[in-house]
There are 2 protein chains.
Amino acid sequence: MRDFSFTQLHKDKKTQARTGVIHTPHGDIRTPAFVPCGTQATVKSLTPDELDTIGVQLFFVNTYHMYLRPGIGVVKKAGGLHKFMNWNGPIMTDSGGFQIFSLAKKASLVKISDEGVEFQSHWDGTKHLFTPESSMRWQSALGGDMHIAFDDCTPYGVSHEKARLSMERTHRWAQRSLAEHKKLHKKNIVLKTPYQALYGSIQGSVFKDLRQESAKFISGMDFDGIAIGGVSVGESKKQMVDVLDWVTPVLPDDKPRHLLGVGEIDDIFTLVEHGIDTFDCVQPTRLARMGTVLVGNNPINQLANTPIKKHELDITNTRYAKDFGPIEKDCSCYTCTHFTRAYLHHLFHVKELLGYRLATIHNLHFIHRLVDDIRESIQDHSFLELKRSWI
Amino acid sequence: MRDFSFTQLHKDKKTQARTGVIHTPHGDIRTPAFVPCGTQATVKSLTPDELDTIGVQLFFVNTYHMYLRPGIGVVKKAGGLHKFMNWNGPIMTDSGGFQIFSLAKKASLVKISDEGVEFQSHWDGTKHLFTPESSMRWQSALGGDMHIAFDDCTPYGVSHEKARLSMERTHRWAQRSLAEHKKLHKKNIVLKTPYQALYGSIQGSVFKDLRQESAKFISGMDFDGIAIGGVSVGESKKQMVDVLDWVTPVLPDDKPRHLLGVGEIDDIFTLVEHGIDTFDCVQPTRLARMGTVLVGNNPINQLANTPIKKHELDITNTRYAKDFGPIEKDCSCYTCTHFTRAYLHHLFHVKELLGYRLATIHNLHFIHRLVDDIRESIQDHSFLELKRSWI
């Protein structure tokens, strides 16, 4: 039996937006769900308890990073990622492919062949090879609940011909990933390892025919879920909408859909509107560490004459040095109920570790409350009204 | 009425060690007590709630740092340090003198006169003047519970003649500090500000006659407590013992005694043995951020063939990469009850913020449990046995 399934609960009348529940061996995920990034086996600066308090349901860990440090063997010996990080909720891992292209030491030293991808470590320049089979084995050893098939992440700006070749390789690798995954699954049954789900990954760059062909191909395979890759590398938000417009009508209703690497506030509405169930993004946590905190359409911020750009407030700005209100007046997060903008401004001004942490708590809390509201709006058929009030 | 007092509870039969309670407007402090450093209005990486859980009773904030960033005015406008940091327990501030000498941009640009000390900011090179009167005003505005008189921190290695001149200046500044403090106290009564205690500071370098003269002089004044300064700048631990041997027999029994800037494990036993009640030190928190965690005389560490130097374990050492036990087997801190040495090793290896935090929690917990044990041993008249088991 697969201890993994997706139940659709509500569907918006006017858009593809939907709510649902993804059942995993480590608990249920109410969708739509934001997936924070715990790149190096930690959501930067926070403990699992804090994530739980914020309402984080699952988070992402990057296989590429785990492979290089601490090494897959260490995590396996620890009893898997859940035990290594002491996080008992669901975990999603990626194939490693995207990181190889974006982080490997020199792009020119990444060698792609049908076998797989050879690259140099961004830490020490040592050479490594990832194949669909090894990516599956490593994800299995890491023990996350949802894995992603190894794909050829098509760079932005290539010709239709090159995009086709890349997509076709992704499809061959999807087949090899699935075959290896099924082998591993048989072993896992014997070992009584909790079920690990596999998402197939759609590529096809910014070409309609390729994206649709890829969506059909991946949807036709025996994957537990569907991931859409190569969107965050696109040039514009318009291109992301195009890809979603082409791809999502093709996707089966009964499988959960994940979009890789996108999650700004306006994006979240776009993704949900197109029936995407989960999406990971480093943006809220990365912004936090730069001192940029998220704020709603809150009159308090306007009263304070705060120029709010994309719902972002730069706490390092001198105007907050003597601002003794919270980041957001009605926010119930730990940061807003305990500390002022002035204190956060000070912590960032003198580069204190606590600042990064308090801003991260607020930003994750903010995004999770937003996604809570979005789920509720789909249930109430008021999703588009909510979207209009934000965008 | 002074809302500040010291009650001695137990006295060791064989040494000067004693237990007691310092009553402050923000709560009682059981002594001996370790005082962590919250230099820039934050005990690096931790929230006040975490400090409370660890058992931190009070912490130190540096007036020099507050003066430069965020500025005394900001903290005053926030309603004082307690509100600014959201810490409701006792707070100790220093005079600023020590930091001027150790942090000001160039030692050659620190100008000492009888009026006070002129220096350049370590942040931006701007010029500033601290006097006994301004130090008192700034500490009063910061609103800590215990202040320290402005002193001339004698550099190490000076002649007896120079040390005498410096000590005499410290004594003149002690008189001016106390006079200004009493003026401010009258205003505070009108404003119904909680009582702020003032500790006089003993100097005299490494000279017996000067230290004893200074101890008598400061003890004879109307201070609420006695601080011993200029010890951490000495060359050896032997010199610290000498200073304590000379000074402590002179001190009145009924005033609390603070030693500035010392607090390694062996030091703590030395200080307590000489009847010191409180002591601040950056060591446990600074070590933590370097990946050095404190460990007891625990057979587990010996079993793991861990070379323990001064009760310090370097978690960044490769030997801990696959060590899936906690830092200390019987430690009840958050870090040890939730995470392994291997996970901490990984966090430090990839420079993750959570690592600094988890190590800081452990080290502060460790020191606080040690000081708890010391208090209990004084009560049980087993202090020297406890000391022998550690040193």
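Start by selecting E133(B) in this predicted model. Leaving aside residues up to four places away in sequence, E133(B) touches R176(B) and E180(B), so show those two as sticks if you like. Now colour the helix around your glutamate: E133(B) is part of α6, residues 132-142 of chain B.

Is E133(B) buried, exposed or something in between? Count the other C-beta atoms within 10 Å and you get 19. Being called buried takes 20 or more, so E133(B) is classed as partly exposed. Before leaving, click A149(B) too: 16 residues separate it from E133(B) along the chain, and their C-alpha atoms are 9.5 Å apart.

**Over to chain A**

Next, select α10 of chain A, residues 265-273. Which of its residues are buried? They are D267(A), I268(A), F269(A), L271(A), V272(A) and E273(A). To see what covers them, turn on β13 (257-259), β14 (278-280), α15 and α16 (383-390) of chain A, which are among the covering elements. Then step just past the end of α10(A) to G275(A), where phi is positive, at about 80°.

**Two domains**

Colour chain A in two parts: domain 1 is 5-281 and domain 2 is 287-373. The C-alpha centres of these two domains of chain A are 30 Å apart. Where they meet, each domain gives 13 residues to the contact. On the domain 1 side, you can pick out β4 (33-35), α1 (48-54) and your old friend α10 of chain A, each supplying at least two residues. What kinds of residue make up that side of domain 1? Nine are nonpolar, two are polar and two are charged.

**Both chains together**

Zoom out until chains A and B are both in view. Turn chain A by 180°, with 0.0 Å of shift along the rotation axis, and it superposes on chain B with an RMSD of 0.0 Å. That is how a two-fold axis relates two copies. To find the axis from chain A, select L353(A): its C-alpha is the nearest one in that chain, 3.7 Å away. Both copies use the same surface, as 100% of chain A's contact residues recur in chain B.

Finally, select the contact itself, with 31 residues from chain A and 31 residues from chain B. On the chain A side, α3 (72-78), α4 (81-85), α14 (341-349) and α15 (353-379) each bring at least two residues. Which helix of chain A gives the most? It is α14(A), with five residues. Colour the whole chain A side by type and you will find 17 nonpolar, nine polar and five charged residues.

Notes: Residues are numbered from 1 along each chain as its sequence is written. Chains are lettered from A and ligands numbered from 1 in the order in which they are written. This is a predicted model: local features need pLDDT of at least 70, side-chain atom pairs count only at pLDDT 80 or more; totals for chains, interfaces and linings use all residues. Copies are superposed by least squares on the C-alpha atoms of residues with pLDDT of at least 70 in both. Two residues are in contact if their C-beta atoms, placed from the backbone, lie within 7 Å. Helices (H or I, at least four residues) and strands (E, at least two) are DSSP runs, numbered from the N terminus. Ala, Val, Leu, Ile, Met, Phe, Trp, Tyr, Cys and Pro count as nonpolar, Asp, Glu, Lys and Arg as charged, and the others, Gly among them, as polar. A residue is buried if 20 or more other C-beta atoms lie within 10 Å of its own, exposed if 12 or fewer, and partly exposed in between; C-beta atoms are placed from the backbone. Domain bounds come from an automatic or database domain assignment.
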